[in-house]
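Colleague: I'd like to go through a few labels on this one and hear the reasoning behind each. Can you show me the structure before we start?

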Amino acid sequence: MLKHKAYKFRIYPNKNQEKLIAKTIGCARFVYNHFLLRWNTTYAETGKGLSYNQCSAMLPKMKRAEETEWLKEVDSIALQSSLKNLADSFSRFFNKQNERPRFKSKMHPVQSYTTKYVNQNISIDGNLLKLPKIGHVPFAKSRKLHGRILQATIRKNPSGKYFVSILCEEKIHDFPKTESAIGIDLGILDFAVLS
C-alpha cells in the first residue's frame, strides 16, 4: 500500500540562498494575494469566482508584464503551488469546511513556500539538499528518506531558523494478522501484566 510520509529537517542556507528563499516566499505571497483580490472582485461582479486553470493561464502574462517581471527570478513551481493552495482554500470554503480565504501577511511569524518534484529538481546528495533555483543547501540529515519525493516545503521560523519538509510516497507493508488476542492488566504494583 502506498502512503505519504513527511520528513522534516533543518537546513543551513548561505546569505545568497537566504535572500533567494525570502524572495520566493514574497513572490508566492504576492501571487496568492493578487489572485485572491481578482477572485473576490470577479465574484462580486459576476457571482462566480475564478478557477485554478483561469488563474494559472494569467500567471505567464504577469511574468511578461514590466511591473511584475521580477516574478521570473524565483521558482515557477512555487508560484503555481501558491495558486493551487488558493484554489483548494476556495473549494474547502464552498464545501463549508473552513472560513473564507484571507490575504497573507508579511508579518506572519512563519513564512513558507512549497515546490514540487519535477525532473530531479529536488534531490539529496550526502548532507546536501538540492532545491530548485536555490541549489545545494547543507542540512541536518537525521534519518534516511524512503520512497519517491513528491514535494518540499521550505519554511522560515520567527527565530530565523530554516526548515524543509519533504513529502515522500513510500510503500507500507501491512503486518500479517495472527488471529490471536492478549489481555493486559494495568496495576499499581506492576505496571502491566499480560495474560
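Modeller: Sure. One cut-off to begin with: a salt bridge here is a side-chain nitrogen of Lys or Arg within 4 Å of a carboxyl oxygen of Asp or Glu. And keep in mind that this is a predicted model.

Colleague: What makes Glu73 and Lys23 a salt bridge?

Modeller: Their side chains meet at 2.7 Å, N to O. The cut-off is within 4 Å, so the pair qualifies. Glu73 sits in the loop between α2 and α3 (76–94) and Lys23 in helix α1 (residues 15–46), so the contact ties together parts that are 50 residues apart in sequence.

Colleague: How many salt bridges turn up in the whole structure?

Modeller: The search finds 2. Besides the pair above, Arg148 and Glu169 meet at 2.8 Å, N to O. Arg148 belongs to strand β6 (residues 148–156) and Glu169 to strand β7 (residues 162–171), so this bridge links parts that are 21 residues apart in sequence.

Colleague: Why is Glu73 called partly exposed?

Modeller: Its relative accessible area is 40%. Buried means under 20% and exposed means over 50%, with partly exposed in between, so Glu73 gets the middle label. Lys23, at 38%, is partly exposed too, and Arg148 also counts as partly exposed, at 47%.

Colleague: And what makes Arg64 exposed?

Modeller: Arg64 has 59% relative accessibility, and exposed means over 50%. This residue is found in helix α2 (residues 52–64).

Colleague: Which residues gather with Arg64 in the patch of positive charge?

Modeller: Arg38, Lys61 and Lys72 gather with Arg64 on the surface. Lys and Arg count as positive, so the charge label follows from the residue types.

Colleague: What is notable about phi of Asn119?

Modeller: Phi of Asn119 is near 50°, a positive value in a residue other than glycine. Asn119 is in the loop between β2 (111–116) and β3 (123–125), and at 73% relative accessibility it counts as exposed. Lys133 is not a glycine either, and has a positive phi of about 70°. Its place is the loop between β4 (128–131) and β5 (135–138), and its relative accessible area of 52% makes it exposed.

Colleague: How do you know where the "Transposase putative helix-turn-helix" domain is?

Modeller: That comes from UniProt, in an unreviewed entry, which places the domain at residues 1–48. In the model, that span is 67% helix and 21% strand, with its end C-alpha atoms 40 Å apart.

Technical notes
Residues are numbered from 1 along each chain as its sequence is written. This is a predicted model: local features need pLDDT of at least 70, side-chain atom pairs count only at pLDDT 80 or more; totals for chains, interfaces and linings use all residues. Side-chain values use heavy atoms; hydrogens and water are left out. Patches are made of residues with over 30% relative accessible area and no salt bridge: like charges are joined within 9 Å, nonpolar side chains (Val, Leu, Ile, Met, Phe, Trp, Tyr) within 5 Å. Accessible areas come from the Shrake-Rupley method with a 1.4 Å probe; for residues, only the protein chains shown count as cover. The place of a charge is taken as NZ of Lys, CZ of Arg, CG of Asp or CD of Glu. Helices (H or I, at least four residues) and strands (E, at least two) are DSSP runs, numbered from the N terminus. Buried means under 20% relative accessible area, exposed over 50%, partly exposed in between (1.4 Å probe, protein chains only). UniProt positions are given in the numbering used here, feature names are shortened, and annotations may be inferred rather than shown by experiment.
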